[in-house]
Structure formats: C-alpha cells, structure tokens
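Work through the exercises below with the model open beside you, and try each task before you read its solution.

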Amino acid sequence: VHRRSAARPCPFERADAKNGITFIFLGITPESRAVSTRDPKVLAAIHACSVFYFAGGDPSRLSTALLENNGTDTPALKTIRQRHAEGAAVTGSSAGAMAASKTMMCECGAGSSVDALVNNRLKLAPGLRFVSEGLIDAHFLERGLIGRLVGALKTTAEPFALGLDEDTAVLIPGDGTPWTIIGESGAVALRPTS
C-alpha cells in the first residue's frame with residue numbers, strides 16, 4: 001500500500017524490473033478505497049504478485065485502506081489473502097509488520113507507553129489478520145514501548161505479544177512451526193499471567 005497524492009489518480013504504477021523482479025506500487029489509500037480496491041486492473045496486478053510488502057507510516061491508514069467500514073476484507077485484501085494461501089509471502093516494516101495482527105497499535109511515540117499505563121489511553125485499530133493470534137509491535141526498544149504493549153495485551157486479551165526493535169524481523173512460517181527472530185537488535189516476547 002503506497003500513499004499517493006491526490007494529484008496522481010493512477011491506481012498503480014509499475015517500477016523498473018531489478019534483478020528479474022518487477023515492483024508494483026499500489027495506489028490504495030483510505031480516500032481511494034471505494035474505487036481502487038475494486039479496480040479490475042489493481043486486482044489483476046495483485047493476483048500476479050508473489051510477495052506483498054506493507055510499508056510503514058500511520059498504522060490506522062493500512063486498516064482503513066484495506067478493510068471495509070464493517071471490518072470485512074476489501075476485494076483487494078481478499079485477493080492478497082488468496083495469493084498468500086497459494087504461497088505468496090506477506091511482509092512489512094514498522095506499521096506494515098504491526099498490521100499482520102488481528103489488532104494493531106497506533107500512536108507509536110514514546111509517550112504512548114505513559115498514556116497506556118498512567119492514563120489508560122491506548123489507540124488501537126483493526127489489523128489485517130495474517131497472524132491468527134498475538135500482537136506485533138515495532139520500534140519497541142528504541143522508543144520504550146513496553147507500557148503500550150502491556151496495556152494492549154490487557155485490553156485485547158491476546159495470549160502473547162512480540163515487540164520488535166529497529167533492524168529486527170520475525171519470520172512466521174505458514175505451517176505453524178516456531179517463529180524465528182533475525183536481525184541486528186532484539187525482540188521481547190510477553191505473555192500475560194493470570
């Protein structure tokens with residue numbers, strides 16, 4: 001999902017091929033969702049892809065761009081989900097990684113932990129549900145987000161949460177085998193106690 005200005009109404013653009021790979025940037029935004037997520041050209045482009053990368057930015061924009069107002073999948077997200085079931089990889093960074101959960105946290109500033117713990121304020125948005133359970137957070141150690149993640153665990157009743165730091169990733173196999181953490185920094189796994 002690529003954020004595009006109103007001056008560029010094209011539903012997608014094709015970038016030059018590099019090393020035999022063609023990159024397609026979709027122009028799906030919350031403002032264009034009603035048209036772009038149903039555009040036959042966009043759906044055909046999605047169907048031809050073998051990897052889907054969700055970029056960072058405002059996490060709630062991913063939710064409002066790819067989910068209908070009632071929380072169901074748009075045709076574009078249905079097509080991505082179909083391709084994922086057929087073996088296409090889904091990946092993302094920052095907000096794009098957080099969106100894999102059923103619920104994603106928004107407002108990623110360091111003050112969000114204080115707001116969650118002290119003021120009981122936590123901004124959440126529906127995630128894209130590529131992971132059946134758990135929460136995924138990004139920029140975790142760098143921004144001191146443990147309070148926010150603890151608050152989100154309590155609010156959502158998810159069985160665990162994973163906080164990924166900068167330059168760190170989690171590989172989630174589709175066959176239910178254990179997740180793998182890779183990268184230069186670290187990750188923190190949290191489980192609530194009864």
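**Exercise 1.** In this predicted model, find which elements cover the buried residues of helix 4.

*Solution.* Begin at the buried residues of helix 4 and look for what lies in contact with them: the covering elements include helix 2 (40-47), strand 3 (51-54) and helix 3 (59-66).

**Exercise 2.** Determine which residues of helix 4 are buried, and explain why they lie on the same side of the helix.

*Solution.* First, apply the cut-off, by which a residue is buried when its relative accessible area is under 20%; in helix 4 this holds for Ala76, Leu77, Thr79, Ile80 and Arg83. Next, consider their directions around the axis: because these residues cover an arc of only 160 degrees, they are on the same side of helix 4. A general rule helps here, since an α-helix has 3.6 residues a turn, so residues three or four places apart point the same way. Finally, turn to the other side of helix 4, where Lys78 and Ala85 are exposed.

**Exercise 3.** Describe what follows helix 4, and state how confident the predictor is in this helix.

*Solution.* Helix 4 is followed by Gly87, which has a positive phi, near 115 degrees. As for confidence, helix 4 (residues 75-85) has the highest mean pLDDT among the elements of the protein, 96, whereas strand 1 (residues 12-14) has the lowest, 59. Over residues 1-10 the pLDDT is below 50, although this stretch has 22 contacts in the model beyond near neighbours in sequence. For the protein as a whole, the average pLDDT is 85, and 89% of the residues score at least 70.

Note on methods. Residues are numbered from 1 along each chain as its sequence is written. This is a predicted model: local features need pLDDT of at least 70, side-chain atom pairs count only at pLDDT 80 or more; totals for chains, interfaces and linings use all residues. Side-chain values use heavy atoms; hydrogens and water are left out. pLDDT is the predictor's confidence in each residue, from 0 to 100. Helices (H or I, at least four residues) and strands (E, at least two) are DSSP runs, numbered from the N terminus. Contact means heavy atoms within 4.5 Å. Buried means under 20% relative accessible area, exposed over 50%, partly exposed in between (1.4 Å probe, protein chains only). The arc is that of the directions from the helix axis to the C-beta atoms.
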